[in-house]
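User: Could you take me through the pockets of this protein and one place where two helices meet?

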Amino acid sequence: MERERTRNSAHLNIGVLTSGGDAPGMNAAIRAVTRGALNHGHKVFGIRRGYHGLWRGDIYEMNSRTVSEIIHKGGTFLMTARSKTFETPEGIQKAVSMCKVFELDAIVAIGGDGTFKGALELSRAGIPVIAIPATIDNDIGCTDYSIGYDTALNTAIEAIDKLRDTASSHERCSVVEVMGRHAGYIALNTGVTAGAEVILIPEVDFDFEKDIVHTLIEDRNAGKNHYIVVVAEGATSGLELAKRIESATGIETRATTLGYLQRGGSPTWRDRFMASTMGLSAVDCLEEKRFNRAICFKDGHLEDLDLEAALQIKKTIDDDYVAYLDRLTM
Ligand code: F6P
C-alpha cells in the first residue's frame, strides 16, 4: 500500500539534473535552484548523470552545503550523459517509476534542445518539469540566451587573439574551427569581435572562390600580411579548409580546432548571473504551480513559456544580421 504522505503538501521534493553537452554556468544554476527551493521549505534531490541517472535512480538529497563553492566552477558536479535508453517509452516509464520511488514531485532539467525534449516527454508521462536553457551553442529557439554561451564566446576570442599574434609573426592565414554543430552563433559573434576576415556558419552557404579566395587575395593586395578565418564545425572542416586555402592562394595556412576548450572554464559574470536568476525563476514556477514551463530570456528579461509551445519556436541567424555585421569585415 502506498505510504501515507506525511510531508507538508505545500512543500515539494524537487529533482535537479543536467543533461546533454555541459556548459559553464550549469553549477550556478543547480546552486540557485537548490538554495532558492530550500529557502522556501522544499527538499532538493540531485540526479547524477542526467536522464540516465534518473532512469537508474542515481539520486540523493542535497542541502545548502552541497552547492557551496561551485558557482565559479565550469562543468556540472551532477555530471551529465546523453541517454539513448531514456528516449524509449520503457525508459520514460522507468524514470516515472523512479520519481515515485524517491517521491519526487517535480524535475528541473538544465540543458539544451535534447534536454528540453526529454523534459517534455517526462511531462507527458505526468511528471511536472521546468526546463532551463544551457548550451554553449545558444541555439534553443525560445530563448535569446542559453547558459554557457558568454563564457564560450570569451574563451574563443581569447584563443583567436592569441592565434592572431603568431599568424601576424609568420604572415600566415589562421583557420579557427569553433563549436556549433548546427548553429553558427559562436562562429559569427566571435569572428566579428575578433576581427576575422572570413566567417563561415552552417546557416549561410558559401562559394570557396568568391567568398574566401577572392576575399583573402584582395586583403593581401590591400596590404594585409595575416588573415583569420573562423568556421563553425557545422559549416565545414577547419583542417580541410586550411589545406584548400593554402593550395588556392599560396598563403601559408594553419588550422586550429578549439573544440572542447569552449565547453570548459570558470563561467563569466553573465553566465553566473543568468544561471542564478534562471534557477530562481524555475523555483518561482514550481512555487506558483506553473508546471511544464521553459525558462526563457526574451528581449532583455526572463519569462517562462509552456514547454511544448517553447519547443515549437525556431530561431536562426537571418541574412540581415549577417549583412549588418559584414560591414565590419574590411
Ligand atoms: O551542443 C553543444 C556542443 O558543444 C556542440 O557545439 C558540439 O558539436 C557538441 O556539443 C559535441 O557533443 P559531445 O560533447 O557529445 O561530443
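The turns below go from the pockets to a helix contact.

Analyst: This is a predicted model, in which local features need pLDDT of at least 70 and side-chain atom pairs count only at pLDDT 80 or more, while totals for chains, interfaces and linings use all residues. Residues are numbered from 1 along each chain as its sequence is written, and side-chain values use heavy atoms, with hydrogens and water left out.

User: Between which domains does the largest pocket lie?

Analyst: A pocket is an open set of points on a 1 Å grid over the protein atoms alone, where a 1.4 Å probe fits, with protein on both sides within 12 Å along at least five of seven lines, and its lining residues have an atom within 4 Å of a point. Residues of both domains (bounds from an automatic or database domain assignment) line the largest pocket, so it lies between domain 1 (13-148 + 267-312) and domain 2 (150-262).

User: Which helix gives the largest share of that lining?

Analyst: Helices here are DSSP runs (H or I, at least four residues), numbered from the N terminus. The lining of the largest pocket takes at least two residues from each of helix H4 (113-124) and helix H10 (307-312). The largest share, seven residues, is supplied by H4.

User: At roughly what angle do the axes of H1 and H9 cross?

Analyst: Axes are lines fitted to C-alpha atoms, for helices over the stretch in contact (heavy atoms within 4.5 Å), and angles run from 0 to 180 degrees between N-to-C directions. The axes of helix H1 (residues 26-38) and helix H9 (residues 269-287) come within 7 Å, and they cross at roughly 35 degrees.
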